Amino acid sequence: FFRSCHCPCIDGVMPQSATIRIEDLGQPIQGLIRDMLAQGKADESLIKYIHVKDVARVFEGRSLGLQDDEIWEDLQTQLIAREAKVDPEAAKRRAAEEAARKAQEEALRRELEEAKSHAEEAERRAREEADKRALEEAQRRAREEAGEKALGEAERRLQEAERRAQEGEEARQ
């Protein structure tokens with residue numbers, strides 16, 4: 001039956017005009033694409049390269065339990081390859097943009113690591129300074145307490161000496 005309909009997609013041959021509109025896709029595929037676009041993981045210019053057979057691949061990936069990110073990565077690879085066949089200049093621009101994006105991500109990663117390192121160093125120094133201040137405060141308090149004890153002891157001895165002297169005078173009289 002299908003052979004008699006002279007459909008251009010028989011025997012796995014898909015004409016280049018087999019692209020479909022996002023509105024023609026099922027809700028799950030529309031949701032996948034919209035999610036990837038919203039997350040900045042998808043490029044709208046690639047959407048025009050989606051073919052009907054890609055819809056089947058997305059459903060197959062979902063039935064295998066693949067995550068949307070994995071499904072999109074596979075689909076995006078296919079779409080980029082199609083784009084390169086149709087528009088080599090666009091593929092070169094995309095490659096240059098991807099290289100620039102990766103370089104920017106690497107620079108941000110290095111900057112983040114450096115900032116983290118500086119923060120850790122500042123935190124270490126702050127802890128050391130706090131420990132030093134705490135030690136100095138404990139030493140100061142110990143000196144004060146020792147001084148207070150010594151003063152109290154001296155006062156007690158003075159009172160004792162005064163009491164003895166008074167007793168001695170009273171005994172002489």
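Helix axes here are lines fitted to C-alpha atoms over the stretch in contact, and the angle between two of them runs from 0 to 180 degrees between N-to-C directions. Keep that in mind for what follows, and note that this is a predicted model.

**The overall layout**

The protein chain has five helices and zero strands, so to speak an α-α-α-α-α pattern when you read along the sequence. Of its 173 residues, 16% are buried. If you take the contacts between residues at least 6 apart in sequence, 67% of them join residues at least 24 apart.

**Two helices, end to end**

Do the helix lengths make sense? Here is what a rise of 1.5 Å a residue would give for α1 and for α5, next to the distance between the end C-alpha atoms.

| Helix | Residues in helix | Expected span | End-to-end distance |
|---|---|---|---|
| α1 (27–38) | 12 residues | 16 Å | 16 Å |
| α5 (88–172) | 85 residues | 126 Å | 124 Å |

For α1 the two values agree, and they agree for α5 as well.

**Helix α1 and its two sides**

Which residues of α1 are buried? They are I29, Q30, L32, I33 and M36. Because they cover an arc of only 160 degrees around the axis, they sit on the same side of α1. Over on the other side of α1, you'll find Q27 and A38 exposed. As for what the buried residues of α1 pack against, that's α2 (44–47), α3 (52–63) and α4. Just after α1 comes G40, which has a positive phi, near 75 degrees.

**Where α1 meets α4**

A pair of packed helices is described by the angle between their axes and the distance between those axes. For α1 (residues 27–38) and α4 (residues 68–86), the axes come within 11 Å and cross at roughly 90 degrees. Angles of 65 to 115 degrees count as roughly perpendicular, and α1 and α4 are therefore roughly perpendicular to each other. On the α1 side, the contact is made by L32, I33, D35 and M36, while α4 brings in D68, D69, I71 and W72. Sorted by type, the residues of this contact are five nonpolar, three charged and no polar. L32, I33 and M36 turn up again here, having already been listed as buried residues of α1.

**Helix α5**

What is buried in α5? The buried residues are A90, A91 and R94. Among the elements covering them are α2 and α4, and α4 is also one of the helices that the buried residues of α1 pack against.

Key. Residues are numbered from 1 along each chain as its sequence is written. This is a predicted model: local features need pLDDT of at least 70, side-chain atom pairs count only at pLDDT 80 or more; totals for chains, interfaces and linings use all residues. Side-chain values use heavy atoms; hydrogens and water are left out. Helices (H or I, at least four residues) and strands (E, at least two) are DSSP runs, numbered from the N terminus. Angles under 35 degrees count as roughly parallel, over 145 as roughly antiparallel, 65 to 115 as roughly perpendicular and the rest as oblique. Contact means heavy atoms within 4.5 Å. Ala, Val, Leu, Ile, Met, Phe, Trp, Tyr, Cys and Pro count as nonpolar, Asp, Glu, Lys and Arg as charged, and the others, Gly among them, as polar. The expected span of a helix is 1.5 Å times one less than its number of residues. Buried means under 20% relative accessible area, exposed over 50%, partly exposed in between (1.4 Å probe, protein chains only). The arc is that of the directions from the helix axis to the C-beta atoms.
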